[in-house]
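Grab a coffee and open the viewer. Below are a few exercises, each with a solution worked step by step.

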Amino acid sequence: MKILLTGGAGFIGSHTAVELVKAGHEPVIVDNLYNSSKKALERLKMITGKDIAFYEADVCDPAAMDDIFAKENFDAVIHFAGYKAVPESVTKSVAYYRNNLDTTLTLCECMQKHGVKRIVFSSSATVYGPIEESPLVETMPSAGCTNPYAWTKYMNEQILRDAAISNPDWSVALLRYFNPIGAHESGLIGENPKGIPNNLMPYVTQVAVGRLPHLNINGTDFPTPDGTGVRDYIHVVDLAKGHVAACNYLEANAGVCEVINLGTGTGYSVLDVVNTFERVNHLELNKVMAPRRPGDMASYYSDPSKAKELLGWQTEKTLDDMCRDSWNWQKNNPEGYDS
Ligand code: UFG
């Protein structure tokens with residue numbers, strides 16, 4: 001299939017482009033490079049040996065998107081494009097709602113006009129809200145969201161559920177990611193956050209490479225085995241393969257609209273991640289025990305059985321792989337794509 005990847009130059013999008021090529025599909029990337037780099041596209045060519053079509057455009061721009069849809073004959077869309085920093089979403093809430101909802105609405109209009117009937121949406125486990133009873137199952141109602149970023153994911157899911165009802169021949173997959181980390185094993189593409197990272201793994205790798213002085217272990221008094229927060233870390237290559245499986249599922253099942261968790265089903269604590277990172281990479285991190293971040297949950301992990309049942313997909317990589325590949329990317333690219 002020819003598949004549009006909005007935000008395809010970003011962390012998850014670029015890894016998905018690789019896996020789509022490997023599976024015999026033809027990805028076409030649209031990205032405004034707001035939070036990504038053209039270098040990722042050069043690296044994609046090095047990995048795949050293919051010139052992946054690229055349009056530098058904003059998915060909120062209806063005229064630009066209409067032109068692209070008219071020119072390409074897409075069989076499916078994977079919608080990654082969006083603002084994604086939780087703390088920033090609190091201070092720039094209007095911009096987050098405008099961008100993250102406009103992109104989806106523009107895409108839906110283009111799909112209707114140009115007869116594209118399949119869409120995979122990059123949602124997040126955060127839409128479950130503050131629930132302290134993992135594993136999280138797709139049938140659980142949301143407990144509400146705790147920040148504008150999370151609400152945009154929640155609202156986009158609703159927009160797409162309703163679009164699936166208005167367009168009964170569409171098939172829709174709402175993929176709820178848990179905590180994506182790791183990088184392609186080549187070390188050529190990886191996570192490249194702007195400014196100081198918000199998330200654990202890019203923070204760990206930037207401490208390891210000497211860009212940041214120490215890692216804060218945020219919260220050591222959670223009701224978890226070692227007192228630190230537990231999350232469901234998933235290797236980005238496994239996550240990317242989940243998107244390939246979702247596209248194949250939508251092709252074979254016209255008319256479906258499904259919410260699907262993409263996680264491993266196993267929770268690891270912050271100390272599990274830090275200790276594994278130090279062990280597999282033979283280094284020691286400068287760490288400081290610090291207070292909890294406001295709003296953090298003790299434990300948050302998936303029940304991934306629906307993905308296995310519907311998509312025939314499950315994760316293959318271990319926490320060792322995730323820690324090794326994250327470091328391989330960062331040590332080869334100390335300043336990310338600006339190295
Ligand atoms: N943590 C630290 N130190 C840091 C950063 C994080 O100890 O410097 C801890 C956190 O307290 C938490 C764990 O590492 O226990 C994971 O934190 P992340 O910020 O990496 O991930 P979260 O689970 O908090 O957030 C992620 C995504 C969000 C999404 C959320 C819920 O980053 O986009 O999952 O799905 F909204």
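## Exercise 1: a strand and its two faces

Lys2, Leu4 and Thr6 point one way from strand 1, Ile3 and Leu5 point the other way, and all of them are buried. Keep in mind that this is a predicted model.

**Task.** Work out how many residues of strand 1 are buried, and which strand it is joined to by 5 bridges.

**Solution.**
- Start with the general rule: in a regular strand, side chains alternate between the two faces of the sheet.
- Now check cover on each side. Lys2, Leu4 and Thr6 are buried on one side, Ile3 and Leu5 on the other.
- The count for strand 1 (residues 2-6) is therefore 5 buried out of 5, given that buried means under 20% relative accessible area.
- Next, the partner: strand 1 is joined to strand 2 by 5 bridges, and the two run parallel.
- To see the register, find Ile3, which sits opposite Pro27 in strand 2.

## Exercise 2: the sheet around it

**Task.** Which strands are the edges of the open sheet of 7 strands?

**Solution.**
- Write down the order of the sheet: 3-2-1-4-5-6-11, with parallel pairing.
- Read off the edges: strand 3 (53-56) and strand 11 (257-262) each pair on one side only.
- Then look at the twist. On average, neighbouring strands in this sheet are turned by 20° against each other, ignoring direction.
- Zoom in on one edge: strand 3 pairs with strand 2 (residues 26-31) in the parallel sense over 4 bridges.
- For a landmark, Val30 stands opposite Tyr55 in strand 3.
- Carry on past strand 2 and you reach Leu33, in the loop between strand 2 and helix 2 (38-48). Leu33 isn't a glycine, yet its phi is positive, about 60°.

## Exercise 3: the small sheet

**Task.** What is the strand order in the open sheet of 3 strands?

**Solution.**
- The order is 12-9-14, and the pairing is mixed.
- The edge strands are strand 12 (268-269) and strand 14 (299-300), each pairing on one side only.
- Take one pair: strand 9 (residues 230-231) and strand 14 run parallel and are joined by 2 bridges.
- Arg231 stands opposite Tyr300 in strand 14.

## Exercise 4: two helices side by side

**Task.** Helix 5 and helix 6 pack against each other: are they roughly parallel or antiparallel?

**Solution.**
- Two packed helices are described by the angle between their axes and the distance between the axes.
- For helix 5 (residues 93-114) and helix 6 (residues 148-166), the axes come within 10 Å and cross at roughly 20°.
- Angles under 35 degrees count as roughly parallel, so helix 5 is roughly parallel to helix 6.
- The crossing of helix 5 and helix 6 is right-handed.
- Now for who touches whom: among the contact residues are Tyr96, Tyr97, Leu101 and Leu105 in helix 5, and Trp151, Met155, Ile159 and Leu160 in helix 6.
- Sort the contact of helix 5 with helix 6 by type and you get 12 nonpolar, 5 polar and no charged residues.
- On the way to helix 6, stop at Pro135, in the loop between strand 5 (118-124) and helix 6. The peptide bond joining Ser134 and Pro135 is cis, with omega at about 5°.

## Exercise 5: a covered helix

**Task.** How many residues of helix 7 are buried, and what covers them?

**Solution.**
- Helix 7 (residues 200-208) has 8 of its 9 residues buried.
- The buried set is Leu200, Met201, Pro202, Tyr203, Val204, Thr205, Gln206 and Val207.
- The cover includes strand 7 (179-181), strand 8 (215-218), strand 10 (233-235), helix 9 (270-281) and helix 11 (319-332).
- Just beyond, helix 7 is followed by Gly210, with a positive phi near 90°.

## Exercise 6: buried or exposed?

**Task.** Classify Trp329 and His282: buried or exposed?

**Solution.**
- Trp329 is in helix 11. Its relative accessibility is 3%, so Trp329 counts as buried.
- Beyond its neighbours within four places in sequence, Trp329 touches residues including Arg43, Ala183, Leu188, Ile189, Glu191 and Tyr337.
- His282 lies in the loop between helix 9 and strand 13 (287-290). At 71% relative accessibility, His282 counts as exposed.
- One last backbone check: His282 has a positive phi, near 55°, though it is a residue other than glycine.

Definitions and conventions
Residues numbered from 1 in each chain as written. Predicted model: local features only at pLDDT ≥ 70, side-chain atom pairs only at ≥ 80, totals over all residues. Heavy atoms only, no water. Axes fitted to C-alpha atoms, helices over the stretch in contact; angles between N-to-C directions. Parallel < 35°, antiparallel > 145°, perpendicular 65-115°, else oblique. Left-handed = near helix turned anticlockwise from the far one by under 90°. Contact = heavy atoms within 4.5 Å. Nonpolar A, V, L, I, M, F, W, Y, C, P; charged D, E, K, R; others polar. Pairing = 2+ DSSP bridges. Buried < 20%, exposed > 50% of the residue type's maximum accessible area, 1.4 Å probe, protein only.
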